[in-house]
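Let's take a friendly walk through this fold, from its sheets to its empty spaces. Keep the viewer open as you read.

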Amino acid sequence: MKVAVLTGGVGGARFLRGIVDAVDPATVTAIVNVGDDLEVLGLSVSPDLDSVLYALAGLGDDERGWGRADETWNALATVESLGGESWFRLGDRDLGLHIVRTQALSEGAPLSTVTARLAAVLGVEAAILPATDEELRTWLDTTNGSFPFQEWFVARAHRDPVDRVRFEGATDAQPAPGVLDALHEADLILVAPSNPFVSIGPILAVERIRSALERRRVPCVAVSPLIGGLAVKGPAARMLQRLQGGTTATHVASCYSGLIDALVIDEKDAADADALSSTGVRPVVTNTLMRDAAARRRLAEVALDAVAFA
Ligand code: FO1
């Protein structure tokens with residue numbers, strides 16, 4: 001069985017670890033958000049690709065959810081002491097990867113090629129694909145102005161209420177090599193428990209990816225990022241309330257209208273199941289909190305098994 005997983009953010013990377021524990025990693029393709037990408041200190045940083053790379057290579061920091069474990073911050077301290085840009089924290093080990101990627105990109109290699117090289121060197125068996133090789137950047141129009149994603153998310157701690165999410169460069173962006181094949185060859189498509197607006201939204205903003213999902217011949221199962229109507233971490237619940245009008249399972253599913261057949265929801269949201277069902281999306285109720293490796297794998301198995309009922 002081949003599985004394609006649309007993913008972004010910390011929750012998505014955790015979920016993918018569960019997926020590669022539950023099935024042969026070589027059968028898994030992750031299609032990853034690049035709307036969060038940015039240039040810091042002259043380096044090209046792809047946070048969501050790196051979260052997946054580090055998670056699947058067993059190098060990620062479990063506690064923080066981003067960056068590498070056993071990290072040190074000497075370079076950043078030097079940057080700060082010299083008056084350089086230090087709001088986006090790049091650790092010493094993490095910096096090494098950004099240097100290698102930036103050099104390869106500057107020599108003309110596409111992001112997908114660089115990512116595949118890094119994954120191979122790190123011993124990752126699953127395919128990790130950026131949604132697009134082209135520049136696609138997420139912008140937030142908020143009550144306090146418009147900001148590029150990381151400025152809003154990190155520098156402003158995602159406090160500004162969001163009126164609109166925009167994806168600069170999306171209109172002409174083509175799927176990266178391998179993305180459409182992965183979607184067409186998959187027996188099951190999964191949408192990770194990621195923020196629908198800023199993690200999955202940029203992937204679906206690539207028109208040919210969205211239309212491949214609309215025309216799918218296999219089930220597509222999403223996992224809700226909310227538990228009891230709240231986000232485990234981050235702005236997903238606030239955004240759902242403001243942009244979608246509520247935080248029930250039906251509100252989550254409406255972000256993926258026409259694109260999903262089933263939605264895995266937490267036991268705390270079980271009361272939403274009937275309403276969700278009446279919209280034509282099958283509810284699958286389980287414990288969705290990914291507390292540890294066993295919980296991650298169990299959630300992955302439920303999502304993978306939802307195909308039998310979808
Ligand atoms: N998140 C933060 O909250 N503060 C940071 O300084 C920060 C630095 C950072 C560096 C590399 C990286 O791969 C991720 C980093 N993140 C940081 C996380 C990142 O902003 C988010 O996880 C994603 O963009 C959300 O999907």
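The report below covers the sheets, the helices packed on them, a salt bridge, the pockets and a cavity. Please note that this is a predicted model.

## The seven-stranded sheet

An open sheet is built from seven strands, ordered 5-2-1-9-10-13-14 and paired in parallel. At its edges stand strand 5 (127-130) and strand 14 (282-286), and each has a single partner strand, so one side of each is left without a neighbour in the sheet. From one strand to the next, the twist averages 20 degrees.

For a closer look at one edge, follow strand 13 (residues 262-266), which runs parallel to strand 14 and is joined to it by five bridges. Ala262 has Arg282 of strand 14 as its bridge partner.

## Helices on the seven-stranded sheet

Helix 1 (residues 9-22) lies across four strands: strand 1 (3-7), strand 2 (28-32), strand 9 (188-191) and strand 10 (220-223). Its direction is at about 165 degrees to strand 1. Helix 2 (residues 47-57) also packs on the sheet, where it touches strand 1, strand 2 and strand 5. The angle between helix 2 and strand 5 is about 175 degrees.

## The three-stranded sheet

Another open sheet has three strands in the order 7-6-8, with antiparallel pairing. Strand 7 (145-148) and strand 8 (162-168) form the edges, each pairing on one side only. Neighbouring strands here are turned by 20 degrees against each other on average, direction ignored.

Six bridges link strand 6 (residues 137-142) and strand 8 in the antiparallel sense. One pair to pick out is Trp139 with its bridge partner in strand 8, Arg166. Helix 8 (residues 196-204) lies across strand 6 and strand 8, at about 25 degrees to strand 8. Helix 10 (residues 236-244) touches strand 6 and strand 8 as well, but its direction makes about 100 degrees with that of strand 8.

## A salt bridge between strand and helix

How many salt bridges does the count come to? The total is ten. In one of them, Asp163 meets Arg242, with the closest N and O atoms 2.5 Å apart. Asp163 belongs to strand 8 and Arg242 to helix 10, so this pair ties together parts that are 79 residues apart in sequence.

## Two pockets

The largest pocket holds about 1,100 Å³ of space. Its lining counts 47 residues, and those nearest its centre are Gly9, Val10, Gly11, Phe153 and Lys233. Two or more lining residues come from each of helix 1, helix 2, helix 4 (92-106), helix 6 (149-155) and helix 8. Helix 1 gives the most, with six residues. By class, the lining has 21 nonpolar, 15 polar and eleven charged residues.

The second largest pocket has a volume of about 480 Å³. It is lined by 25 residues, with Asp37, Leu38, Glu39, Glu135 and Arg137 closest to its centre. At least two lining residues each come from strand 3 (38-40), strand 4 (43-45), helix 4, strand 6 and helix 6. This lining divides into nine nonpolar, six polar and ten charged residues.

## One enclosed cavity

Which residues line the largest cavity? They are Ser224, Leu226, Thr247, Thr248, Ala249, Val252, Ile265 and Asp269. Four of the lining residues are nonpolar, three are polar and one is charged. The volume of this cavity is about 30 Å³, and the structure holds one cavity of 30 Å³ or more.

Notes
Residues numbered from 1 in each chain as written. Predicted model: local features only at pLDDT ≥ 70, side-chain atom pairs only at ≥ 80, totals over all residues. Heavy atoms only, no water. 1 Å grid on protein atoms, 1.4 Å probe; cavity = no way out; pocket = protein on both sides within 12 Å on 5 of 7 lines; lining within 4 Å. Points joined across faces, edges and corners; volume = space filled by probe spheres on them. Nonpolar A, V, L, I, M, F, W, Y, C, P; charged D, E, K, R; others polar. Pairing = 2+ DSSP bridges. Axes fitted to C-alpha atoms, helices over the stretch in contact; angles between N-to-C directions. Contact = heavy atoms within 4.5 Å. Salt bridge = Lys/Arg side-chain N within 4 Å of Asp/Glu carboxyl O.
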